[in-house]
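User: Please take a close look at a single part of the structure shown here and describe how its elements pack together. I would prefer one connected account.

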There are 2 protein chains.
Amino acid sequence: MNEIRIVSCIAILTSLLFMTSCEQKEKAGELEGKASDIKKTEFGLVIHGGAGNIYKERYTDEQEKAYKAKLEEALQTGYDILSNGGASMDAVESVIRILEDSPLFNAGKGAVMTSAKTIELDAAVMDGSTLNAGTVAGIKRVKNPISLARAVMEKSKHVMLIGDGAEVFAEEQGMEMVDNKYFFTEKRLKEIEELRAKERKEKAVSAIDLNKEYKYGTVGCVALDKNGNLAAGTSTGGIANKKFGRVGDVPIIGAGTYANNNTCALSATGQGEFFIRNVVTHDISALMEYKNMPLQQAAEELINVKLARHEAEGGVIGIDKNGNITMTFNTKGMFRGFVKDDGKKFVAFYSGGEIE
Amino acid sequence: MNEIRIVSCIAILTSLLFMTSCEQKEKAGELEGKASDIKKTEFGLVIHGGAGNIYKERYTDEQEKAYKAKLEEALQTGYDILSNGGASMDAVESVIRILEDSPLFNAGKGAVMTSAKTIELDAAVMDGSTLNAGTVAGIKRVKNPISLARAVMEKSKHVMLIGDGAEVFAEEQGMEMVDNKYFFTEKRLKEIEELRAKERKEKAVSAIDLNKEYKYGTVGCVALDKNGNLAAGTSTGGIANKKFGRVGDVPIIGAGTYANNNTCALSATGQGEFFIRNVVTHDISALMEYKNMPLQQAAEELINVKLARHEAEGGVIGIDKNGNITMTFNTKGMFRGFVKDDGKKFVAFYSGGEIE
């Protein structure tokens with residue numbers, strides 16, 4: 001009888017153990033799901049102005065002030081649209097136009113120069129509610145490539161238009177056209193001359209290797225509006241001294257730009273080739289959708305694990321359907337900022353989050 | 001004592017039940033994993049020559065024979081390379097060159113014409129062992145765009161080159177250049193004239209809508225070699241009567257072309273815009289990697305569920321790391337075929353698998 005009692009006790013304990021273990025497994029899954037299902041904000045907006053060799057000693061106080069003021073102006077513009085019930089796509093376009101028009105960033109005016117001393121711009125937008133998208137590459141005469149990308153999405157049946165053809169479409173749409181020289185800045189002319197001189201000296205050094213010393217400028221914005229719609233946009237001049245009609249990750253949906261109401265909106269910046277090969281923004285979304293990974297963890301998996309395998313540099317900003325945000329980069333710094341429904345603007349440049 | 005016995009019996013039964021249930025769950029997972037882990041072939045190759053409005057009544061016996069012979073020639077070429085221990089990338093390039101050189105398909109010679117009666121070609125390759133890739137768009141003078149895409153991957157630090165710049169690179173690499181007229185065929189000249197006439201008549205009808213009547217020609221090849229390396233390639237003239245430098249899914253890594261030794265190699269054909277927006281080939285790979293879905297099920301999820309939501313047409317071919325293959329399409333037909341290590345060549349055109 002004692003034996004039976006012992007056996008029954010063991011059986012009861014084992015049974016409880018298995019029940020608990022099974023329940024715990026299920027609860028952990030539930031909690032994980034629920035944690036990211038808590039609405040963090042009614043709306044929100046994240047921006048970046050490029051990731052790369054951005055460290056304190058490189059900028060004067062005056063330069064820091066200029067970057068801070070422009071990023072805050074962009075955030076305020078987006079906040080005003082979203083707080084008034086505007087669409088995330090409107091916020092994304094308006095914010096990126098401000099950054100394109102500023103000579104501080106590598107997009108629109110102030111973009112880096114090609115090896116032929118011209119400026120060739122790429123841009124993309126994606127609407128998370130419809131999965132519709134518009135992208136352009138090799139743009140030389142359209143003042144705001146981000147608005148052309150949006151026109152491609154809304155006014156054509158296509159997703160991607162390139163080169164002269166894209167500009168014919170822009171003219172048909174009555175977009176503001178400029179001479180390529182409009183985009184020129186003294187800073188970039190000096191930069192391209194330095195790069196070309198270095199290239200002649202070191203020969204066979206690729207544009208990408210040379211650019212490691214420079215920042216991977218690109219501007220991007222992701223937003224969640226009051227209706228729960230996500231949108232993403234990115235605009236860039238690509239890498240300085242580029243040749244051969246090189247296109248980076250920006251206008252590649254799933255690489256530099258992606259938005260999906262089921263998961264998140266993302267915009268990337270960095271060594272575009274590696275972002276294309278790793279399908280970075282779609283992979284972050286897929287990790288969230290298929291592995292139930294939170295946005296921050298998924299962004300780290302791509303930037304700090306998968307890209308790190310290629311020693312590739314860059315960063316990504318994102319906002320998910322509940323307003324959780326990420327600003328993840330493996331470079332020295334990334335011009336970045338965000339604002340949520342409380343209206344408090346956060347801006348940072350260097351690793352660690354500090355501005356100065 | 002009887003009560004105790006009953007309790008202990010219940011406890012033992014409950015315990016066994018939970019143990020079994022837990023074990024079953026784990027075993028199911030294991031089995032699922034193992035089922036797709038069974039090596040099906042030492043090597044293998046799948047090809048497509050476009051999906052679309054391909055049905056028996058549309059082709060004469062003579063035309064059918066010509067398609068069958070060309071697809072078999074392509075399969076034999078790939079088989080010869082792979083059976084001799086050649087690399088999957090070599091098989092993919094050689095096979096696609098055959099299809100590009102044939103006027104039967106919408107790639108290379110015989111590609112569809114733009115609205116300006118020119119021919120503009122896009123192509124891409126991806127190496128599943130390194131995740132390296134090369135893509136080109138808007139090519140007018142390079143005889144074999146697939147070889148240019150491979151040169152971009154192997155001889156440049158870039159992934160994507162477009163337009164004139166890509167052709168300057170091609171010339172520097174000593175690739176075979178041709179006049180745009182080399183690609184012209186009587187059939188496509190007649191087709192573009194019909195399309196333009198229809199466009200004038202029906203106005204506002206987009207190139208995409210008009211093309212629904214035509215097939216979405218594109219050629220593609222995916223291969224697994226004896227070393228377990230996967231490779232994918234795709235080449236196309238895009239959609240007939242295209243304007244504005246339109247680029248479809250083919251040169252977009254993760255949309256029309258993708259390869260990853262951890263999962264599979266894929267090449268798509270169809271309404272490219274929807275393949276870009278749904279990041280089709282990377283999503284198939286992600287479903288395999290993150291949801292443990294078999295290749296065929298993942299391909300069906302994209303082609304028959306996700307694309308179907310947009311009423312988008314097309315198909316995809318794929319081979320996974322164990323030699324499982326898919327040839328999935330939601331159109332009336334897809335020119336397609338495969339060969340594995342037994343050397344038996346399978347070729348089919350229409351839905352259901354029959355050739356005639």
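Analyst: **Helix crossing and surrounding sheets**

The crossing of α2(A) and α3(A) in this predicted model is right-handed, the near helix being turned clockwise from the far one by less than a right angle. Helix α2 comprises residues 61-83 of chain A and helix α3 residues 88-101 of chain A; they pack at an angle of about 160°, with their axes 9 Å apart. Axes are lines fitted to C-alpha atoms, for helices over the stretch in contact, and angles run from 0 to 180 degrees between N-to-C directions. α2(A) and α3(A) are therefore roughly antiparallel to each other, the term for angles over 145 degrees. From α2(A), the contact (heavy atoms within 4.5 Å) draws on A:Lys70, A:Leu71, A:Glu73, A:Ala74, A:Thr77, A:Gly78, A:Ile81 and A:Leu82. From α3(A), A:Ser88, A:Asp90, A:Ala91, A:Ser94, A:Val95, A:Ile98 and A:Leu99 take part. These contact residues comprise eight nonpolar, four polar and three charged; Gly is counted as polar.

Both helices belong with a sheet. Nine strands form this open sheet with mixed pairing, in the order β13(A)-β12(A)-β1(A)-β5(A)-β6(A)-β2(A)-β3(A)-β4(A)-β7(B). Strands pair if DSSP finds at least two bridges between them, and helices (H or I, at least four residues) and strands (E, at least two) are DSSP runs numbered from the N terminus. The edges are β13 (345-350) of chain A and β7 (246-247) of chain B, each of which pairs on one side only. Within the sheet, β3 (residues 132-139) and β4 (residues 160-162) of chain A run parallel and are joined by three bridges; A:Val136 has A:Leu161 of β4(A) as its bridge partner. Helix α2(A) packs on this sheet and touches β1 (44-52), β5 (219-224), β12 (333-340) and β13 of chain A, its direction making about 145° with that of β13(A). Helix α3(A) packs on the sheet too, touching β1, β2 (121-127), β5 and β6 (230-236) of chain A, and its direction makes about 160° with that of β5(A).

Chain A also holds an open sheet of four strands, ordered β8-β9-β10-β11 and paired antiparallel. Its edge strands are β8 (257-259) and β11 (325-329) of chain A, and the twist averages 10° from one strand to the next. Three bridges link β8(A) to β9 (residues 264-270) of chain A in the antiparallel sense, with A:Thr257 opposite A:Ser267 in β9(A). Helix α9 (residues 280-291) of chain A packs on this sheet, touching β8, β9 and β10 (314-320) of chain A, and its direction makes about 145° with that of β9(A). Helix α10 (residues 295-309) of chain A lies across β9, β10 and β11 of chain A at about 15° to β11(A).

As to confidence, chain A averages a pLDDT of 88, and 85% of the residues score at least 70; pLDDT is the predictor's confidence in each residue, from 0 to 100. Over residues 6-34 of chain A, pLDDT stays under 50, and the model has 25 contacts beyond four places in sequence for this stretch. The predictor gives the complex an ipTM of 0.88 and a pTM of 0.88.

Residues are numbered from 1 along each chain as its sequence is written, and chains are lettered from A in the order in which they are written. Local features need pLDDT of at least 70, side-chain atom pairs count only at pLDDT 80 or more, and totals for chains, interfaces and linings use all residues, while side-chain values use heavy atoms, without hydrogens and water.

Technical notes. Parallel < 35°, antiparallel > 145°, perpendicular 65-115°, else oblique.
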